[in-house]
Amino acid sequence: MNIQVKINGKNVKSEIDADLLLIDYLRDNGCLSVKRGCETSNCGLCTVLMNGKPVLSCSVLAARADGSEIYTLEGLQKEAEEFGTFVANQGAEQCGFCNPGFIMNVIAMLRENENPTDDEIKEYLAGNLCRCSGYEGQFRAIKNFLAQRGAK
Amino acid sequence: MDTKFVNKPIMKKDAMALVMGKPVYLDDVAPKDCLIVKVLRSPHANAIVEEVKKDVALKVPNIECIYTWEDVPQNRFTMAGQTYPEPSPYDRLILDKHVRYVGDPVAIVAGSDEKSVDKALKMIKVKYKVLEPILDFRKSKDNDILVHPEESWKSLCPVGADNKRNLCASETCGNGDVEKVLSECDIVLERTYHTKANQQAMMETFRTYCYIDTYGRLNVLSSTQIVFHARRILSTALGIPKSKIRVTKPRIGGGFGAKQTLVAEIFPAFVTWKTGKPSKMIFTREESQIASTPRHEMEVTVRVGATKEGIIKAVDLYTLSNTGAYGEHGPTTVGLSGHKSIPLYGKVEAFKFAYDVVYSNVMSAGAYRGYGATQGIFALESAVNELSAKLGIDPVKIREMNMVREGDTMPAYYNETTNSCALDRCLEKAKNMINWNEKYPYKDMGNGKVRSVGVAMAMQGSGISNVDVGSATIKVDDDGLYTLLIGSADMGTGCDTILAQIAAESLECDIDNITVLAADTDSSPYDSGSYASSTTYVTGKAVCNACEKLIDIMKEEGAKALGLSVDEVDFDGKRVFGKDKEISTAELAVKSQCGTKTALEVTVSHSSPISPPPFMVGMVEIELDKETGHIDIIDYVAVVDCGTPINTNLARVQVEGGLGQGIGMALFEDVQYSEKGRMYNNSFMQYKLPARNDVGTLRVEFENSYEQTGPYGAKSIGEIVINTPSPALAHAVYNATGVYIHELPITPEKIVMGMIKNEN
Amino acid sequence: MLTINEYVKVKSLEEAYELNQKKTNRIIGGMLWLKMSTLRVQTAIDMSGLSLDNIEETDEEFKIGAMTTLRQLETNESLNNYTNGAIRESVRHIVGVQFRNSATIGGSIYGRYGFSDVLTMFLALDSYVELYKGGIVPLSEFAKMKADRDIIVNIIVKKKPLKCVYMSERISKTDFPVLAVCVSECDGKFIASVGARPARAEAITDCEGILSNGINAESAEKFGKYVTEKLNFNSNMRGSAEYREHLSKVLVKRAVMALGGK
């Protein structure tokens, strides 16, 4: 079947299988930041923005994304660099494999809620697993980022 | 410390690439058009493969090949990444007629696309002769059922292994007459503790890509911690010379020991070697959960003897370790359960440590952060906490009275002396940070909830003494920049950066002047690999030594150019100079490229006769719901002595990450099997890792000692950090409820049921 | 691995219904559970083009379209005002925001999963399932029905004077519940819905008027016991029957106390 998806601002037309998952479709289209960490919708590594909302691209059919607008970290490099620098300054990126999904969801969170409380941060990002950092360094990065943004 | 790059929060060299999602991992760099390799796995825990019908499956379009046990070499090998001769028994074949756990591979299928391979997998018909399995490791030793009855099984090292008794290893050691000292003690406490087969659960599953290069050699690009061991294992398994194999790694999405064992490598390597075509294997999360290399399940029985004043005089520790279907890391992990727990107590006059490591028909175990020390420390630290309660002495006080101190000899740690030990300062600081004296043992919150605290100490090693080798090649490049070649594997820990920091400090140059090239068997100098908390301490020292030697060469060459003797010149990072004359490193580099016979390059190997332990103290405050048993972590305080932290940020994140994993082990992660040996926890849905709202607040501080034998005083940090949560949390639960949980994980159900039992 | 041969984004409920009569076809909701299956689906029926992802409120009822996501339930102000925030509490632990942005109420209710927080929650309200052919069925009845080939169009919640409390015990914060409880006082009737026993949720009404003379520690405890005795509990990897029974008593009692503002 044929679909048309706006990936990171560009219209992409493709012929796909009905059961192609959005994650594989995106990776086939060069969005290699999108990672698969599990098959059970539990890890958050594959988070992308679909029509502005963070979703698990491993659990969405590419077919359903027909006509929608998708953003991956490839399309949000400026935000990734701005916030990512705070993560890197903590050494909290560690292996890095969960970073794209985590940063995607941080971006989504801050678009929904400019000044989240500590509990709101932890709850919003609870679906983003990280095995390296114990989360504390990621949390410091978010707090520092918010503080710096607030100071501006 | 007056340093520029060491003991500083330097950003990792690859950090920005990682946070911006650059394509640097295996499946990002493997080409799209390679064969997809998958394996058919046994549904039985113990069975003989009598017949494999693959003709129908072979007819599926796009299928390249299907291999079964008849197609593979018959050389047994171990997949454990260890220095040769490996202590782990040679008990594997690439595919075996005898399958020994649910998930053991039966056939390898390769095809040009995933769908076809999946289809072919379904069409292979296997006839099994199903045998009775051993699923309870307590019944394994000397059972009539043998997990490895085969004559070709062999053990290369004297570790007490005997496949005809289901023994992967067995030993007894000690110091002094433990029975005599115990008999003289006022109190002897005996307890048995049980820990489970936790999964490392790194976010990137096991994966490997292989191809044949221009020279007809097998190139293996893999997510591995052990490129050199991988080359040797592949050579043994495939029966081809090591010179025909190259192993490298891209960025790795986490390891924690999981990738210190070959897991995915062997299958695509075999396919590519046979077909000459590139291939890759990407493990699913389910495969990573059911067919990998988790922590060894252990049952540890401890007897601790003490005076009524609280002096711990004797420890008798017996560990039964479950290595599962194969023996990877079986003989070695178990040793740490005693050798890295008992030495925490410096007044022990006699100890005995015995163990059996047994085979059983569950997933084989492997190396996971902590490597046996975690299990032993849970047992011994819990026993000491129970002992304190019996004696009515504050458990912190007991530790202050008994803990190992700087300058002590540790009979249970191969008689090594603690040349650097700030455990006493760690305990003091942790106590103040959590406000122990006020909070111990508990406070009733008046709403059905109790807040309580718990404590544990821990140690580990820094590399394997007299075994691990780390090497560094450092060379001067154009413009006076340096390239550092190392064989260790950065798996996210940041060792590429840490070793560059050491080089920059030694060479007195900017860290950006150091290019790091790592973990390539063709170009790296030999390194045992990144495991056993060795890289900073062992390879880091090799880098130090290499830099010193390189400076000597630069001074010699500089002196020659300046017409001076070596004694007359000095080096300051930018130039060689003396007697008002100077030559810059850049000029030296130019000279080294024209009409010279001296290479501005040096390779140094290092190995340490000792393995200086890092030490730490963990203290936790929890809030416990007395009716539901629910636990919330309020505050976790960790104070660590890792010698000099080379990178203060990365050291901190190591601690926080290790605590996170330790909390998962303590409270959530529970591997359970069906009656037939099928694992229930085969996904992240059924094997719950801690999320960020599960870990509470982690507060980490350092109390540095200075380890003379380490680079800039450094010891290790990677593993020790996972050891305190289980005993500290069990202790806090006890202080809240009077229930001591002896089997991990500590679930609300165990707590409440224990409380109900105590009431009755 | 789930395989799908054809995908149809339907233009009408009739089209969806007709396609759904074939056993090898499947309606996809959020696809989160479906994806984990190894089903071989002939035609995937996608209703995401039918504008069923709205929560409509009238004076009498809430009408929640089958394709409404759990995240919409979580953030919908009037639903949460009506339920004293219980709806938010019932879904906020489910994996993560991304998951809840895809998972639908229709899929959750249709699946009648034992672990379902959503089913537990809505059983304590005056809820109905609007089926395309079968008409409007009380949720308590639907929950007991065997899965058939009809289609859920809306979930309807009748507005009644309501107080409501949701509680669950989870080993880790984003895990399935070991036990989930929703207690409501709906139009003067006390109802306790208990899910993840681990069987699917069932609602027990206070037929003996245990709470009708007021909520206090004693009546709350009695009601907890009453509800628990009427239900069966079993064991699975997250907890034993014994522990679940214990939790049921505790959580129902607590929810009742919270309902009474105590």
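Contact here means heavy atoms within 4.5 Å. The model is predicted: local features need pLDDT of at least 70, side-chain atom pairs count only at pLDDT 80 or more, and totals for chains, interfaces and linings use all residues. Residues are numbered from 1 along each chain as its sequence is written, chains are lettered from A and ligands numbered from 1 in the order in which they are written, and side-chain values use heavy atoms, with hydrogens and water left out.

**View 1. The two domains of chain A and the contact between them.** Chain A is divided into domain 1 (2-72) and domain 2 (75-151), with bounds that come from an automatic or database domain assignment. Their C-alpha centres lie 21 Å apart. In this contact, 14 residues of domain 1 of chain A touch 14 residues of domain 2 of chain A. The two domains bury about 1,200 Å² between them, and carbon and sulfur atoms give 66% of that area. Buried area is the accessible area (1.4 Å probe) that two parts lose on being put together, summed over both. On the domain 1 side, L45(A), T47(A) and L49(A) lose the most area to domain 2, together 35% of what that side buries.

**View 2. Polar pairs and strand β3 at the domain interface of chain A.** Between domain 1 and domain 2 of chain A there are zero salt bridges, a salt bridge being a side-chain nitrogen of Lys or Arg within 4 Å of a carboxyl oxygen of Asp or Glu. Six residue pairs are in polar contact across this interface, both residues at pLDDT 80 or more. A polar contact is a pair of N or O atoms within 3.5 Å; within protein, one must be able to donate a hydrogen and the other to accept it, and residues adjacent in sequence count only if both atoms are side-chain atoms. Strand β3 (residues 47-50) of chain A gives the most to the domain 1 side, with three residues. Strands (E, at least two residues) and helices (H or I, at least four) are DSSP runs, numbered from the N terminus.

**View 3. The contact of chain A with chain C.** Chain A brings 27 residues to this contact and chain C brings 28 residues. The two chains bury about 2,100 Å² between them, 53% of it on carbon and sulfur atoms. In chain A, L61(A), R64(A) and E123(A) lose the most area to chain C, together 30% of what that side buries. Four salt bridges cross the interface. E123(A) also meets R92(C) in a salt bridge between side chains (2.5 Å, N to O). β4 (53-56), α3 (99-112) and α4 (118-124) of chain A each supply at least two residues of the side that touches chain C. The most comes from β4(A), with four residues.

**View 4. L139(C) in helix α9 of chain C.** Helix α9 covers residues 139-144. L139(C) counts as buried because its relative accessibility is 1%; buried means under 20% relative accessible area, exposed over 50%, and partly exposed in between (1.4 Å probe, protein chains only). Leaving aside neighbours within four places in sequence, the residues in contact with L139(C) include I109(C), L119(C) and F122(C).

**View 5. N647(B) in a loop of chain B.** The loop lies between β28 (631-641) and α17 (648-667). N647(B) has 2% relative accessibility and therefore counts as buried. Its side chain makes a polar contact of 3.0 Å with the side chain of Q501(B). A polar atom of the N647(B) side chain also lies 3.1 Å from the backbone nitrogen of L650(B).
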